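Me: I would like to understand this structure better. Please take a close look at one part, the interface, and walk me through it in a connected way.

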Number of protein chains: 2
Amino acid sequence: MDTFDPSLPKSITRLIEEFMKLPGVGRKTAQRFVFFLLKKDLSFQEEFGNALTTLTKDIRLCRECFHFAEGDLCEICRNPKRDEHIICTVEDSLDLLSIEKSNAFRGKYHILGGIISPIDGIGPDKIRIKELKGRIERSKGKIEEVIIATNPTLEGEATATYIWRSLEKLPVKITRIARGLPVGGDVEFTDEVTLARALENRSNI
Amino acid sequence: MDTFDPSLPKSITRLIEEFMKLPGVGRKTAQRFVFFLLKKDLSFQEEFGNALTTLTKDIRLCRECFHFAEGDLCEICRNPKRDEHIICTVEDSLDLLSIEKSNAFRGKYHILGGIISPIDGIGPDKIRIKELKGRIERSKGKIEEVIIATNPTLEGEATATYIWRSLEKLPVKITRIARGLPVGGDVEFTDEVTLARALENRSNI
């Protein structure tokens, strides 16, 4: 990466390089960010900088579900209004946020912290399946259903199958989020695999 | 902007909000950035944060061309190898960087710091035309040519015309960057205004 630009002061080049470390940010975007910040006053930059340096200061992982938390338990696990009988298993906290935004789920979560992917050297032991199993066992029947909400990709499906097999013997119902046409989608332009799934998973109107 | 997410620790929400202030960054992108940073170690976050807080610490504007500089003069104005007889006038430092990357210009620059845009309340006095004029006068004939490299947009062309009129009486050649087909472009799909310009500005092979 040739990011060093002799025509720019070092502090600018340095911040451009930092921004370029972010996912999906190339040189042009990083430059745009930095030149935007250069137009702002010092307090703006300091606030941003402090938010960065103190990011993980008070953060740990929830001891129940492994979502980010400020104390021992995350806000969701601490909330008595959440249904403790149903757990939604997701790859990471970003997936949790998306599901939360849909307002369609009032149970609790389990963050796997990754997906099984032999190519990247991530085996089943590297993600929190054991912890999920332990949680169900400890609940002594309180947890009635586990929804597996990994992505409908090759790795996501394989991980779902692996989880399903790991939990098979436990007295818990295991479900998988539906695969079908996205709302607003178009039958004509939907790929055949999705169409096949949408037909299989059809329901009564 | 509803960025407050009760399921997330405050320090995470806060940094997401900071990232959302950057141009072109929405909630999803900001979340992706922050969750990426959460996976990195503390020193990574601190380095990034420090680069932000110290961004403008030693930075000022070059007293000649108004590009960012660490001392009185920017790296380009300080470089004795740059041709001081020709000045390229651009809207901002980002345009300077793009031209530098082309390696097609070895003269010096002049940063206008904006573009004339009556709708946004930016008159000719708000950009550095007076300073450009002063620079040419002070050079006592050393500056032989001024290339006006504002964008080929309505405002850019109007600004170019205004600059041209302001400098008309000075003993300096005034040129404008060519407008034509971008390299790799396609005659069939080029708009008529660009085509007309490309024909007007045609040159011998």
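Reply: Contact here means heavy atoms within 4.5 Å. Before we go in, some ground rules: residues are numbered from 1 along each chain as its sequence is written, while chains are lettered from A and ligands numbered from 1 in the order in which they are written. This is a predicted model, where local features need pLDDT of at least 70, side-chain atom pairs count only at pLDDT 80 or more, and totals for chains, interfaces and linings use all residues; side-chain values use heavy atoms, with hydrogens and water left out.

Let's begin with how the copies are arranged. Two copies of a chain are related by a rotation about an axis and a shift along it. Here, chain A is superposed on chain B by a rotation of 180° with 0.1 Å of shift along the axis, at an RMSD of 0.1 Å; the fit is by least squares on the C-alpha atoms of residues with pLDDT of at least 70 in both copies. That is the relation of a two-fold axis. Both copies use the same surface, as 98% of the contact residues of chain A recur in chain B. Among the residues of chain A, Gly49(A) comes closest to the rotation axis, with its C-alpha at 2.0 Å.

Now the interface itself. In contact are 54 residues of chain A and 53 residues of chain B. Together the chains bury about 5300 Å², with 70% of that on carbon and sulfur atoms; buried area is the accessible area (1.4 Å probe) that two parts lose on being put together, summed over both. On the side of chain A, the residues that lose the most area to chain B are Phe48(A), Leu52(A) and Leu55(A), together 12% of what that side buries.

What about charge and polarity across the boundary? The count of salt bridges between chain A and chain B is zero, a salt bridge being a side-chain nitrogen of Lys or Arg within 4 Å of a carboxyl oxygen of Asp or Glu. Polar contacts do cross the interface: six residue pairs are found, both residues at pLDDT 80 or more. A polar contact is a pair of N or O atoms within 3.5 Å; within protein, one must be able to donate a hydrogen and the other to accept it, and residues adjacent in sequence count only if both atoms are side-chain atoms.

Which elements of chain A supply two or more residues to the side that touches chain B? They are helix 1 (10–20), helix 2 (27–38), helix 3 (42–53), strand 2 (68–69), helix 4 (75–78) and helix 5 (93–102), where helices (H or I, at least four residues) and strands (E, at least two) are DSSP runs numbered from the N terminus. Helix 3 of chain A gives the most, with 11 residues. By residue type, this side of chain A divides into 28 nonpolar, 12 polar and 14 charged; Ala, Val, Leu, Ile, Met, Phe, Trp, Tyr, Cys and Pro count as nonpolar, Asp, Glu, Lys and Arg as charged, and the others, Gly among them, as polar.

Two residues of chain B let us look at the boundary from the other side. Leu42(B) is found in helix 3 of chain B, residues 42–53. Leaving out residues up to four places away in sequence, Leu42(B) touches Thr53(A) and Thr56(A). Its relative accessibility of 42% makes Leu42(B) partly exposed; buried is under 20% relative accessible area, exposed over 50%, and partly exposed in between (1.4 Å probe, protein chains only).

Ser93(B), by contrast, counts as buried because its relative accessibility is 5%. Ser93(B) lies in helix 5 of chain B, residues 93–102. Not counting neighbours within four places in sequence, Ser93(B) is in contact with Phe35(A) from the other chain, and with His67(B), Phe68(B) and Ile111(B). With one of these, His67(B), the side chain of Ser93(B) makes a polar contact of 2.9 Å.

Finally, a look at helix 4 of chain A, one of the elements named above. Arg78(A) and Glu75(A) form a salt bridge, their closest N and O atoms 2.5 Å apart. The two residues are three apart in helix 4 of chain A, so about one helical turn separates them. Arg78(A) is partly exposed at 46% relative accessibility, and Glu75(A) is partly exposed at 33%.
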